Each structure stands twice: as structure tokens, then as C-alpha cells.
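Below are my notes on the model you asked me to look over. They are set out as numbered points, with the fold before the details.

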Amino acid sequence: MNEMAKLTVSSSPHIRAAHTTQSIMRDVIIALVPAMIVAVVMFGLSALAVIVVSVVACVFFEWGYRKLMHKDSTISDGSAVVTGVLMACCLPANVPLWIPVVGAFFAIVLVKQLYGGIGKNFLNPALAARAFLFSWPVIMTTWVAPNFTYGADVVTSATPMSFLHMGQLPEGISIMGTFLGTIGGSLGEISSAALILGGIYLVVRKVISVRIPLSYLLTVAVITFIFPRGGNDNLTWMLYNLFSGGLMLGAIFMATDYTTSPINPVGQIVYGIGCGLLTVFIRYFGSYVEGVSYAILIMNVCVWMIDMAFRPRRFGVSKEDEKKAKAQKKEAAAK
């Protein structure tokens, strides 16, 4: 009798799935390992320090907030660790270590926990923190050149996006360099190869579908191919735009966040296209050289509308039934 009392049966439908929150977060962390390895190899121990501080701060603030509010601890689900890693991926290697701490507080406490915790936030915590951290623009836009390319001396480096924003192809930076990661930039965005490898892992593990990343990347590819800037070669311009900046990181790891992306397959495609359009518009016409973060955050806010517009028909209800129901509602409202 005592054992039966411990059982809690929720209402239908009852769905069996191999994934749990912990397993999903673990797979995301594994998928980000190649990008983190590239970052540490290229930028040294400073990159590792930023990642560690970011993760520890996120876990601490989640634990501290839940403790302070007398709520059950949720640090074991791994979501705080994922937020910490993703936020670190958005930061330069040479940021002061108080920057990821401030970002962690904003991401975990203000964006995530104040709205009820995992599954209830309407913005991606890591991207929202990155946007907030641009309150210190000089710190957030000072890039260190990879040690692998320039030796042990720490020197500032222009990123490919700074050239593309002016309608120029990056000087001294090859397309292969942007693909492999021998360039300056944020920790997790420099190697498209590492990010694509992680994305393939997530798709194979069925953690994400290809709908959002593919529609996002294809939108950027089509627009930049058709409308290259500065009279540059169409294909070359498109490839630099695909492999530079935070596009791969955003499309694969940020835009696919379960909580802040649509649940309907058609809605996911519309969402990805919207992210792609906004990214290119901001890159082409904005004063900021990169548009990925703000594009995804803007589309995060629109998710509820996309879900409403593309919600599936109720099981057993035909189009005629829906039309009749709408007509009845109009008649009732008129009376």
C-alpha cells in the first residue's frame, strides 16, 4: 500500500520516450565538445578559464536562486551547465572573468528562473546574456588572434564579419580558415567544422531535427548568393557569410532550443526562415556587424504567434467542423 501511494499518474496522453532532460543536456554538451576543444587549442588556457567560470557561475546562481526561494534544486538536469557552455561560446577569449559571472546571473536568474525555470523562459538565456553583456562593447568586441596562427604573442585580430560588414572579403583569411577555425572571434563560433560535427551528432541522436538549422542556413545562403555586396563573387560571398560569425553556432545550438522555438514542424521552418532573413538584414543594414543573436532573440518573441498560426487541427475534427465552430462563435458574438 505504501509503495502504491508513491505512484503519481498524470493525465493522458502517456508518451514513452528515450530522452530525458538530463540525456538531452548531456548530448548537447557532448556535441559542443569539438568546438570547445578548438577554442582551447586556438586561444589557450584563457579560453578554458572562461568556459569553466561561465559554467560554475551558472550552476551556482541556479542552485542559489532555488535555495533562496525554497524550491527543489534543478542543477542535476544539466540545463545550467549547457547555458554556461553556450554563453562562454559567445564570448571572446580575453574577456575579464567577471564578465561570464555577470552574464551567468543575467541568464540564470533574470531570464530563466524568474519566469519559472527550465521550460518557461521565452528567450534563450545564453543569447539574452550575450546581448546584455554588450553594455561593455569594447570588452565584447576585442578579439584575440588564435595562437595557432600568430604565435604566442597576444594580438588583437579583426574578424571576418568586420570585413563583410563593409562589403569586403576578409583580408588574409581564407574560406578554409573560417571553416576550420584559424580566425579570431568568439570561443564557440570560430570553427564551422566543429559545430557542424556537433550538429550531426545531435541529429543522429534525434535531439534536434534538421528543420530549423537547414531552413535558417539555406535562407542566409540564398539571399547572400543572390545579393552579394561590393561586387564580390556570388559563391565566395555566400560561403564567407555561412562560415563566419555566429551563424553555425546560432543555427545549430541556439535556434533549436526546445523552449524558445516552435513545436509545429511547419512553424519550425517558418521560424528558421525568419531567423535567416533577420540575420542578413541586420548584417547588411545594421550598425552591428553580426545579426545572429538579435535575429534569434526577435524570433523567440514571435514563437507564440507562430505556434498559434500553425497549430495542428484537433484529432477527429474536420475543416468543415472548424468552419462551423467559427461561424457559431461569430453569431454568438454578434448577438
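The points cover the overall make-up, the cysteines, the charged pairs, the backbone and the empty space.

1. Overall make-up. This is a predicted model. The protein contains 17 helices and zero strands. Of its 335 residues, 47% are buried. Counting contacts between residues at least 6 apart in sequence, 73% connect residues at least 24 apart.

2. Surface. The exposed area of the protein is about 17,100 Å². Carbon and sulfur atoms account for 68% of that area.

3. Cysteines. The model has zero disulfides. For Cys 275, the closest cysteine sulfur belongs to Cys 302, at 9.3 Å, which is too far for a bond. The cut-off for a disulfide is a pair of cysteine sulfur atoms within 2.5 Å, so the 9.3 Å between Cys 275 and Cys 302 does not qualify. Cys 275 is buried, at 0% relative accessible area. Cys 58 is also given 0% relative accessibility and counts as buried. A further cysteine, Cys 90, appears in point 9 as part of a cavity lining.

4. Salt bridge Asp 27 to Arg 205. Three salt bridges are present in the structure. In one of them, Asp 27 pairs with Arg 205, with 3.1 Å between the closest N and O atoms. The partners are 178 residues apart and link distant parts of the chain: Asp 27 sits in helix α2 (residues 21-43), while Arg 205 sits in the loop between α11 (192-204) and α12 (211-226). Asp 27 has a relative accessible area of 1% and is buried. Arg 205, at 37%, is partly exposed. Buried means under 20% and exposed over 50%, so the 37% of Arg 205 falls in between.

5. Salt bridge Lys 112 to Glu 62. Here the closest N and O atoms are 2.8 Å apart. This pair also links distant parts of the chain, with Lys 112 in helix α5 (residues 98-112) and Glu 62 in helix α3 (residues 45-68), 50 residues apart. Lys 112 is buried at 3% relative accessibility, and Glu 62 is buried at 0%.

6. Salt bridge Arg 283 to Glu 290. The closest N and O atoms of this pair are 2.9 Å apart. Arg 283 is buried, with 4% relative accessible area, and Glu 290 is buried as well, at 6%. Glu 290 also belongs to the lining of the largest cavity, which is taken up in point 9.

7. Backbone. Which residues should be looked at for phi? Most residues other than glycine have a negative phi. His 70, not a glycine, has a positive phi of about 55°. His 70 is found in the loop between α3 and α4 (79-89) and is exposed, at 75% relative accessible area. Lys 206 is likewise not a glycine and has a positive phi of about 60°. Lys 206 lies in the loop between α11 and α12, the loop that also holds Arg 205 of point 4. Lys 206 is exposed, with a relative accessible area of 66%.

8. Largest pocket. Its volume is about 460 Å³. The lining consists of 24 residues, and those nearest the centre are Met 25, Val 82, Asp 257, Tyr 258 and Thr 259. At least two lining residues come from each of α2, α4, α6 (125-133) and α14 (247-254). Helix α2 is also the helix that holds Asp 27.

9. Cavities. How many cavities of 30 Å³ or more does the structure hold? There are two. The largest cavity has a volume of about 80 Å³. Its lining is made up of Cys 90, Leu 127, Arg 130, Glu 189, Gly 246, Leu 249, Gly 250, Met 254, Glu 290, Val 292 and Ser 293. Two or more of these residues come from each of α6, α14 and α16 (292-309). Helix α14 gives the largest share, three residues. Helices α6 and α14 also supply residues to the lining of the largest pocket.

Definitions and conventions: Residues numbered from 1 in each chain as written. Predicted model: local features only at pLDDT ≥ 70, side-chain atom pairs only at ≥ 80, totals over all residues. Heavy atoms only, no water. Buried < 20%, exposed > 50% of the residue type's maximum accessible area, 1.4 Å probe, protein only. Helix = DSSP H or I, 4+ residues; strand = E, 2+ residues; numbered from the N terminus. Contact = heavy atoms within 4.5 Å. Areas by Shrake-Rupley, 256 points an atom, 1.4 Å probe, with all protein chains shown as cover. Salt bridge = Lys/Arg side-chain N within 4 Å of Asp/Glu carboxyl O. 1 Å grid on protein atoms, 1.4 Å probe; cavity = no way out; pocket = protein on both sides within 12 Å on 5 of 7 lines; lining within 4 Å. Points joined across faces, edges and corners; volume = space filled by probe spheres on them.
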